Amino acid sequence: MTLQSFNMDHHWLPFTPNRSFKQDPRVFVAADGMHFTTHDGKKVLDGISSLWCVTAGHNRKPINEAIKKQLDTLDYATAFQASNDQAFKAAEMIASMAPGDLNKVLFCSSGSEAADTSLKVALAYHRARGEGHRNVFIGRERGYHGVGFGGMSVGGIPANRKAYGTALLPRVDHMRFIHDPVNHAYIHNQEPVWQEDILLELENRILPLHDASNIAAVIVEPVAGSAGWYLPPQGYLKRLREICDKHGILLIFDEVITGFGRMGVNFGADYYGVVPDMLNFAKGVTNGVIPMGGVVCSDRIYNAMMKANEGAPEHAIEFFHGYTYSGHPVACAAAIATLTLFKEEKLFERAGQMGTVLGDALHSGLKGLPNVIGIRSLGLAGAVEMASIPGSPGKRAYDIFMTCFHNGVLVRPAGENIVLCPPFIVEKEHIDRMVNVVADAIRQHA
Ligand SMILES: Cc1ncc(COP(=O)(O)O)c(C=O)c1O
């Protein structure tokens, strides 16, 4: 296939420099296992699970077959005032994997929708309990919760927010970022230990400023993924849970990246031993093959919403929220097949084991190379942080990404970081190849 085979004038690419893309397009036409095929027949190693999605590897037959079968059985059915068998089954499987009393699944189709859904649940829950004044949300600097207005507002990535001014939610604050670039530049499969308590800022500044009684929820990614795999300090999430409990604030974990095995266990919540009130998921739940997202809510939240409607007429809807594609039968069939495959192939355990291999390779292969100022690895993911080029933020990581692509490895530029988060089926030889290609690119752009 040549580039002339398709017209590139009409597809406005997301989160992509469209002008330069046209000069040097990257077009995939097929994928299998760990590799893509490009339009010109080149093989490219998928070093990022296609943006943290394809965790079981590409072109997995059990998932493909389940989708085909579902298409021939029940292609779609309305999600409102009715449902479908696949949605109940998928919800049951997800609830059984989620920790604690996280048992009620609200489906949607993406991580952005999951973020906005969870924020809406928080407001509706507090209102149902007679605390409708709780409408402040707390996110964290450099957090990413998608691109809806809610998720963007609690998100803390400046470039994503800067064009939207007062259209962002008004009552939002952000905790400080969790990275110490001096003491924790190099971290391998351990939790950074801080001398200071960075949650004192939440307790001593943010909560009093808004008055804790007005705060609806705190939302964080257990590990900050999109910003570039930044790890929470030891004890941070446990303490955050305690602070939220003390003040009646809901805790939302955005596990769109950390969920479904990336940390070697079901969820980041399991890894850190902290149960949130809501857990957002997307991406890996269907191996990325069909869009799906969702929020797993605690029984407590669900029960409060039902209780508030106790005296209401039978036809009264308890939560005015949902998407046309909530619990889409084909997406749910894909999720059921994916979650089954994870179990059958023990892929989460494998992610944990290969995570150590990846971390070892990153630290031994890249530390000391020109402009490398940090390497962080945990679970099956790692980031190498590059010194910023003065006046050109992000350029070095972008250049390295492009060079890696031309050398047959897809990596992820995230700010000044190069991130690697391969599918759980990755082999050591793939990891060695990725790290060697990144190392060469780093040297080339020194
Ligand atoms: C933590 C987190 N939340 C939300 C999202 C948004 O997901 P989506 O792009 O499916 O809307 C992402 C995407 O990377 C994410 O990493």
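1. The backbone nitrogen of A87 sits 2.9 Å from a polar atom of the N84 side chain. In this predicted model, that side chain has further partners: a polar atom of N84 lies 2.8 Å from the backbone oxygen of G327, and a side-chain oxygen of N84 comes to within 3.0 Å of the backbone nitrogen of Q86, at the start of α4. N84 itself belongs to the loop between α3 (61-73) and α4. Its relative accessible area is 6%, so N84 counts as buried.

2. Helix α4 follows that loop. What span should its 13 residues have at 1.5 Å a residue, and how far apart are its end C-alpha atoms? The expected value is 18 Å and the end C-alpha atoms are 19 Å apart, which agrees. The buried residues of α4 are Q86, A87, A90, A91, M93, I94, A95 and M97. Two of these, Q86 and A87, are the residues whose backbone nitrogens are contacted by N84.

3. The second largest pocket has a volume of about 1100 Å³. Its lining comprises 39 residues, and those closest to the pocket centre are A79, V105, L106, F319 and H321. Which elements each supply at least two residues of this lining? They are α4 (85-97), β4 (102-108) and α11 (299-307). The largest share, five residues, comes from β4. By class, the lining has 23 nonpolar, twelve polar and four charged residues. Helix α4 thus appears both here and in the contacts of N84.

4. A second helix can be checked in the manner of α4. Helix α12 (residues 329-344) has 16 residues and extends 22 Å from first to last C-alpha, close to the 22 Å expected at 1.5 Å a residue. Of those 16 residues, 13 are buried, and α12 is described as mostly covered. Just after α12, K346 takes a positive phi of about 50°.

5. Two further residues deserve a look on backbone grounds. Most residues other than glycine have a negative phi. F260, although not a glycine, has a positive phi of about 60°. F260 is located in the loop between β9 (250-254) and α10 (268-272), and with a relative accessible area of 1% it is buried. N371 is also a residue other than glycine with a positive phi, near 70°. N371 is in the loop between α13 (347-366) and β12 (372-377). Is N371 buried or partly exposed? At 26% relative accessibility, N371 counts as partly exposed.

6. Side chains of opposite charge can pair when their charged atoms come close. How many salt bridges does the structure hold? The number is 17. One of them joins R205 and D173, with the closest N and O atoms 3.9 Å apart; the cut-off for a salt bridge is 4 Å. R205 lies in helix α8 (residues 200-210) and D173 in strand β6 (residues 172-175), so this pair ties together parts that are 32 residues apart in sequence. R205 is partly exposed at 38% relative accessibility, whereas D173 is buried at 13%.

7. R176 and E196 form another salt bridge, their closest N and O atoms being 3.2 Å apart. This pair links distant parts of the chain, 20 residues apart: R176 is in the loop between β6 and β7 (186-188), and E196 is in the loop between β7 and α8. R176 has a relative accessible area of 28% and is partly exposed. E196, at 44%, is partly exposed as well.

8. A salt bridge within one helix is formed by K395 and D399, at 2.6 Å from N to O. Both residues lie in helix α14 (residues 395-406), four residues apart, or about one turn of the helix. An α-helix has 3.6 residues a turn, so residues three or four places apart point the same way. K395 is partly exposed, with a relative accessible area of 38%. D399 counts as buried at 18%, and the cut-off for buried is under 20%.

9. Some salt bridges are joined to one another. R241, D245, D277 and R300 are linked in a network of salt bridges. R300 falls within the range of α11 (299-307), one of the elements that each supply at least two residues of the lining of the second largest pocket.

Terms used
Residues are numbered from 1 along each chain as its sequence is written. This is a predicted model: local features need pLDDT of at least 70, side-chain atom pairs count only at pLDDT 80 or more; totals for chains, interfaces and linings use all residues. Side-chain values use heavy atoms; hydrogens and water are left out. A salt bridge is a side-chain nitrogen of Lys or Arg within 4 Å of a carboxyl oxygen of Asp or Glu. Buried means under 20% relative accessible area, exposed over 50%, partly exposed in between (1.4 Å probe, protein chains only). On a 1 Å grid over the protein atoms alone, a cavity is a set of points where a 1.4 Å probe fits but cannot get out, and a pocket is an open set with protein on both sides within 12 Å along at least five of seven lines; lining residues have an atom within 4 Å of a point. Grid points are joined across faces, edges and corners, and a volume is the space filled by probe spheres set on the points. Ala, Val, Leu, Ile, Met, Phe, Trp, Tyr, Cys and Pro count as nonpolar, Asp, Glu, Lys and Arg as charged, and the others, Gly among them, as polar. The expected span of a helix is 1.5 Å times one less than its number of residues. A polar contact is a pair of N or O atoms within 3.5 Å; within protein, one must be able to donate a hydrogen and the other to accept it, and residues adjacent in sequence count only if both atoms are side-chain atoms.
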